[in-house]
Amino acid sequence: MIRLKVNGSARQFDGEPDMPLLWYLRDVIELTGTKYGCGIAQCGACTVHIDGKAARACITPMKEVAGKSVVTIEGLSVKGDHPVQRAWRELNVPQCGYCQSGQMMQAAALLKEKPKPTDKDIYDVMSGNICRCGTYQRIRAAVKLAANSRNHARPATGTADQNGGRV
Amino acid sequence: MSRQTVTIVSRRGFLEGIFSAGALVLASRILPQTAEAATTVDESAWHPSVYVGLEPDGRVIIVAHRSEMGTGIRTALPMVVADELEADWNRVSIQQATGNRKYGDQNTDGSTSITSFFQPMREAGATARMMLVSAAAAKWNVPASECAAKNHEILHTPSGRKFGYGELVAAAATQPVPKKDELKFKPSSEYRYIGKDIPVTDLDQILTGKAIYGIDAKAPGMVYASIERCPVIGGKLKSVDDAEARKVPGVLQTAIIDPFKPPYMFQPLGGVAVIANNTWAAMQGRKKLKPEWEFGPGASYDSAAYKDELKQATRVAGRVERNAGDVDAAFAKGAKTHEADYYVPHLAHAEMEPPTAVAQFQDGKVTAWTATQDPQQVQTTVARVLGIKSNDVTCYVTLLGGGFGRKSKPDYVAEAAVLSKQLGGKPVKVVWSREDDIRFDYFHFPAWMYLKAALDEKGRPTAWLGRSAYPPMVQGLNTPQNGYLGSMGWQDIPWDIPNIRTENGKAAAHVRIGWLRSVANIPHAFAVHSFVDELAALANRDRVEYLLDLLGPDRIVEMGRSRGRGSRPNPYALDTARTRRALETVAEQSGWAKKKSGNGTGYGIAVHRSFLSYIATVVQVEVDHGRVTIPRVDTVVDAGLVVHPDRVKAQFEGAAVFGAGIAMMSEITAENGRIAQSNFNNYMVQRIGQAPETHVTIIGTDNPPAGVGEPGVPPMAPAIANAIFAATGKRIRELPVKKQLA
């Protein structure tokens, strides 16, 4: 029996311990916001947070998330208003939208590590996330916009983050 | 008498329950299935609409009949209806249509959604508005001319009395339907949505992970399938040992899918399906299958050798597409000539969401839930494969995680339907792995192009010969055929040259071939706009000045009958004044006159018309020890009237990335009939650090709306190649560039 938290809720899994987290999220507990794109950690569509760090769910077996806390796009914020989501909305980043869960989860993790990322930081950290629609220049701009709004929002609200400090 | 009728529908009886009982629905439609068919339709007839309904509670329901794969079409076409209807956007509900011929063409392909449906959507909105006005006028017993529609209300102007739209639904349903020639449209100055950047309807769902794509569809009792296919296209299963596969936890059974009967079209490839209670178990079980295949003639396919076959096909006369003046006589005069060959390889779509479908076969009928660009083709294909009627196939359309042409081809939906039938009616979800997607794609065709020009003393061409060769799309295998795609940037060149002949040679397909975003414009634009850059270089002239000279006097270029999408009768004839304006505008925007190429920095330009839009692009490259970066792209767009400027800009930003990926790095190769690439680790696409910053300018015009989804792609490869030449003196004649500079 594997125990874990998903978006703050306690879960138990007694299936195959080698099953990737991606398929547990999608097929077992039906959180389909996390997407399949390649299965070999080449595209980033399946990016989630495991104990606050960005990870590729497609190559993370369930046995490795025992006792850990997983956050998916559905849990990034309660009201869909994480600074990254707000910036993505403000700049109309998505086209087809399929890769954007992974893009936003990766960006949220980046901003946690580096609140004021440079272009190089953005390229280094976001280059594992493919967008075939080619929304990259808006992603770049939205990461910076989110960084600015976070940096301004923090002292004003006095809270750690928009989503209860999970990220 | 109008052909249109107003129908009060039951909840289940119409549009699969989109509208409630008591809704006003403008029912019936006849629209041309294709642009080519347009000429045979009686233009005086009123072809009304099934795209809009009004609920008694005041909600306006607009049916989105085209597929959403990121262009914003699920928002843009409803905006047009809502605008003419004077509807309050906050009270508009958008419903996705199932596949049904009553909507007209639903194949969301060829950049035709706004081009073909801007006017029908206006007609739908105007019809409903005029019936509401008539209903209010009747209730007040005043002339309709004293009444006006404004923001979801009908106002009696002299008295200030008002009715909300919901209050008028029942009365409006009894009003006569205006004939087409009686419809009154808003002047463009009164547009309230058209031309405005309204957030796309799916934005919040996408941002919170709630948007439903094909891969997210589920049905009660659904099982999951992963399919092992013959690595060689056209091969057949001899036998399979599935004992180990069936031992994998979660695996329920295996099932055989029969191979296609030629031509392959959109039929399943055939293979062995592993059925399981989750996707991963199905994929794991599949790895344990031990199939034996009869590979067939496709096993000798080698893309490197094939490249030479294509070249040889351009060394002999081909089928003549366009023939103006006398090219042979011009060449015989002994003028200076220049010739060059260009090659573009196989490409894969690699849309982020691989092909996926859920289907259920019950009582001789199929219900499918899938990400498709063409739900009517789903009906047709599934019906043919299962031997049922297309009306007995219901196709629900989810959001698409990218399409680029791949999802017009519903082989994956037919696979799910075949399996559901074999499983006694259980719903089956077929999920293609990325490896399946790359290896079994309908590949973009490799193309060889040979160009030859005779030049006058100023370096201006007096004769132009173009010969192309590429395998046919979605036809038979292993039989040489012509390609019929000359109208996509090969014969429809805008240059003012007295003698022009273009030809197409025959070539055979050895893998499945299909269209990819901008189709034949990709190789044709690469060759044509590289070649004119070579001619300009030979003449030692500024590129913009040379291209303007080559365009000649403003005129409409008549090319006679042409085939394929992207070519339409007037008012969409090739207007070189628009080409010129796009070129001049991009030169100005990019600061062309002040740009100095050399020492590793280069600027390249291409102007190309496709899908009825005129696009001019300037690319800046930096080349450092063979490593190319693309810091900036300037693109100017004349797509006629634009409904949603921000989404149009987004299409061209994305097309710059897509086009740069094709130019720089993407290539599919085949050896012994097997595709050598399999995933994003070896099929290379652009990532964020490689993506250019693209500056898009839309030239606003009153011309009819034209395509925007694809035409940003074709100018990219030649503009990049020309920029590399300007930076380094090295001429790129084969893609991808990466291989050439290695």
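The domain assignment divides chain A into domain 1, residues 2–75, and domain 2, residues 83–157. The model shown here is predicted. Taken over C-alpha atoms, the centres of domain 1 and domain 2 of chain A are 21 Å apart.

The two domains touch each other. Domain 1 of chain A brings 15 residues to this contact, and domain 2 of chain A brings 12 residues. On the side of domain 1 that touches domain 2, two elements of chain A give two or more residues: β3 (47–50) and β4 (53–56). Of these, β3(A) gives the most, with three residues. Sorted by class, this side of domain 1 of chain A holds six nonpolar, seven polar and two charged residues.

The next step is from chain A alone to the place where chain A meets chain B. Here 44 residues of chain A are in contact with 46 residues of chain B. On the side of chain B that touches chain A, at least two residues each come from α4 (203–207), α6 (279–287), α15 (645–664) and β30 (693–698) of chain B. The element that gives the most to this side is α15(B), with seven residues. By class, the residues on the side of chain B that touches chain A are 22 nonpolar, 13 polar and 11 charged.

Chain B also offers a short stretch in which the path of the chain can be followed strand by strand. Start at strand β16 of chain B, residues 356–362, which runs antiparallel to strand β17 of chain B, residues 365–370. Six bridges join β16(B) to β17(B). At one point of this pairing, Gln362(B) stands opposite Lys365(B) in β17(B). The two strands form a hairpin with two residues between them. Asp363(B) lies in the turn and has a positive phi of about 50°.

From β17(B) the path leads on to helix α9 of chain B, residues 375–386, and to strand β18 of chain B, residues 393–397. What do β17(B), α9(B) and β18(B) make together? They make a right-handed β-α-β unit. In this unit β17(B) and β18(B) pair in the parallel sense, over five bridges. Thr367(B) stands opposite Thr394(B) in β18(B).

Strand β17(B) therefore deserves a second look, for by the definition of pairing, which asks for at least two bridges, β17(B) pairs with β16(B) over six bridges and with β18(B) over five bridges. The pairing with β16(B) is antiparallel, whereas the pairing with β18(B) is parallel.

Definitions and conventions:
Residues are numbered from 1 along each chain as its sequence is written. Chains are lettered from A and ligands numbered from 1 in the order in which they are written. This is a predicted model: local features need pLDDT of at least 70, side-chain atom pairs count only at pLDDT 80 or more; totals for chains, interfaces and linings use all residues. Helices (H or I, at least four residues) and strands (E, at least two) are DSSP runs, numbered from the N terminus. A crossover is right-handed if, with the strands pointing away from the viewer, the path from the first strand over the helix to the second runs clockwise. Domain bounds come from an automatic or database domain assignment. Two residues are in contact if their C-beta atoms, placed from the backbone, lie within 7 Å. Ala, Val, Leu, Ile, Met, Phe, Trp, Tyr, Cys and Pro count as nonpolar, Asp, Glu, Lys and Arg as charged, and the others, Gly among them, as polar.
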